[in-house]
Amino acid sequence: MNLINTFLNIPVLIDSLPQLLWGLAVTLQIGITSILLGLAGGLSLAVARLYAPKVVKLLIRGYVDIFRSIPLLVLLIVVYYALPFVGIRLSPFLSAVTALSLVSAAYTAEIFRAGIEAIPNGQFEASAALGLSNRHTMIDVILPQAIRIVIPPLTNNCINVMKDTALASVVAMPDLLKQATQAQALSANPTPLIGAALIYIALLWPMVAIVGRLEKHFSRGTR
Amino acid sequence: MDNPNPPLISVRGLTKAYGTFTVLHGIDLDIAEGEVVCVIGPSGSGKSTLIRCINHLEAFAEESRVSVDGIPVQPGPGLAKVRAEVGMVFQSFNLFPHMTVLKNVMLAPMRVRKTSVEEAERRARDLLARVGISEQAEKYPGQLSGGQQQRVAIARALAMEPKVLLFDEPTSALDPEMVGEVLDVMRKLAGTGVTMVVVTHEMGFARQVADRVIFMDGGRLVEMGAPAEIFDAPREERTRSFLRAVLNH
């Protein structure tokens, strides 16, 4: 079976597996760091956009629109190859995390904004009438209700960030894809690439399935 | 002239406009402590807007003056403090759907007054008993009838021990058979000396409970006085025609 020997060569796969798993660890580091930073940034932006003075609101809107428009690969290359010209030299890891977080924060901000806007105005009014501060209105009243609405799109965004970590291989980051291409070159066989693809799928398929479940659950549970 | 009892609520030249459409035309109004005032009038007359200006849920013209217990009601850092002294009951209840009834009543005292959990819970259970829903304390608002939800909303507002309670058409969203239970609670409340401003279409309630009835039309206070004056001997033609329309149907 020539095809299996080429694409699913078990000895090659076993040989390259440690390298692939190292790559997976790096991918997870980039992905999880970026997801957390993106969540924190996006939530801050969304809440700030609600309460900040008009100028800041406009700036946030500009940020959100720009970083949703720029292709991630372009941003990553700018961060890694262009910023050194102004003296900012980021490691491949920091470059990848910076680019991914900036974009993820923009999408997350939009998701939270939509979630907050979906809460009826009466909830804001009742909180205000009771004398609750803006902070307590958000923490105790609005966000706990908005979270139901935003969890499916947030999970979707996490999946996208995880997938986009593969772009880090462009800036010489030894992530899962980079390790796979190197192993492929070394063994002159594409099996490591197939292995990497299977690992990505194994990692993200459960998350994709969870999103589907959550969407069904939340659309049914609306009162 | 020095008034020994300054009004609890003072409204001076209250003007409110949406673009070129003026909703309130320079309203002047004083409400004394312990007074129960019912505001009646056709829809669109500005009565809801009037009471929503008292806690600044509606912004109003800058030169207008509203104060509660001598504290000016104006945007800024002091606003939340004034609002804490002004309870509000909404037409659509606006309970927090993700919290139990008990937590709904406990939240604001704990966050705003820094009341301890134990104390807040004790007082919340007291208030729920007062409005007759002790058994529902652990339920969520969505599991309650409209009348029960509105009674929880009254308990939630009372939990802050406000100086005045504003009611914005509290029975208008209720099924007819539940109107009575909410009005009963409000009637009892009025008997305890709480200052209340009630926007309502319930003329029977206004006549029976109010110390003073205000008739509004077209963003102006057309006429005010004791219930007997307004309902039995209105001076203004607009008041008469409004009352004819709502009472004879």
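User: Which elements are included in what covers the buried residues of helix α6(A)?
Analyst: This is a predicted model, in which local features need pLDDT of at least 70 and side-chain atom pairs count only at pLDDT 80 or more, while totals for chains, interfaces and linings use all residues. Residues are numbered from 1 along each chain as its sequence is written, chains are lettered from A and ligands numbered from 1 in the order in which they are written, and side-chain values use heavy atoms, with hydrogens and water left out. Helices (DSSP runs of H or I, at least four residues) and strands (runs of E, at least two) are numbered from the N terminus, and contact means heavy atoms within 4.5 Å. The cover over the buried residues of α6(A) draws on both chains and includes α7 (134-164) of chain A as well as α1 (47-54), α2, β6 and α5 (146-158) of chain B.

User: Why is helix α6 (residues 121-129) of chain A described as largely enclosed?
Analyst: Burial is judged from relative accessible area (buried under 20%, exposed over 50%, partly exposed in between, with a 1.4 Å probe and protein chains only). The buried residues of α6(A) include A:G122, A:Q123 and A:E125, and after the helix comes A:G131, whose phi is positive, near 90°. The helix is largely enclosed by the rest of the structure because the buried residues number seven of nine.

User: How many helices does chain A have, and is A:T108 buried or exposed?
Analyst: Along chain A the elements run α-α-α-α-α-α-α-α-α from the N terminus, which matches nine helices and zero strands. Of its 223 residues, 42% are buried, and its C-alpha trace spans about 75 × 50 × 25 Å along the principal axes. A:T108 lies in helix α5 of chain A and, leaving aside neighbours within four places in sequence, is in contact with A:G38, A:L39, A:G42, A:L43, A:L154 and A:N157. The counts and values asked for are therefore nine helices and, for A:T108 at a relative accessible area of 1%, buried.

User: Which residues does A:G115 touch, not counting those up to four places away in sequence?
Analyst: A:G115 sits in helix α5 (residues 92-117) of chain A and is buried, with a relative accessible area of 1%. A:A99 is 16 residues from A:G115 in sequence, and their C-alpha atoms are 25 Å apart in space. With residues up to four places away set aside, the residues that A:G115 touches are A:A146, A:I149 and A:V150.

User: Which residues of chain B lose the most area to chain A?
Analyst: The contact takes 23 residues from chain B and 16 residues from chain A. Buried area is the accessible area (1.4 Å probe) that two parts lose on being put together, summed over both, and here it comes to about 1,700 Å², with 62% on carbon and sulfur atoms. Together accounting for 29% of what the chain B side buries, the residues that lose the most are B:F96, B:H98 and B:R111.

User: Which element gives the largest share of the side of chain B that touches chain A?
Analyst: Two salt bridges (a side-chain nitrogen of Lys or Arg within 4 Å of a carboxyl oxygen of Asp or Glu) are counted between chain B and chain A. In a salt bridge between these chains, the side chains of B:R111 and A:D140 meet at 2.6 Å, N to O. The elements giving two or more residues to this side of chain B are α2 (79-84), β6 and α3 (101-112), and the largest share, four residues, comes from α3(B).

User: Which residues of strand β7 (residues 164-168) of chain B are buried on each side, and what is the bridge partner of B:D168 in β8(B)?
Analyst: In a regular strand the side chains alternate between the two faces of the sheet. In β7(B), B:V164, B:L166 and B:D168 are buried on one side, with B:L165 and B:F167 buried on the other. Strands pair if DSSP finds at least two bridges between them; β7(B) runs parallel to β6 (residues 86-89) of chain B with four bridges, and pairs with β8 (residues 195-199) in the parallel sense over five bridges. On the β6(B) side B:L166 is the partner of B:M88, while in β8(B) the partner of B:D168 is B:V199.
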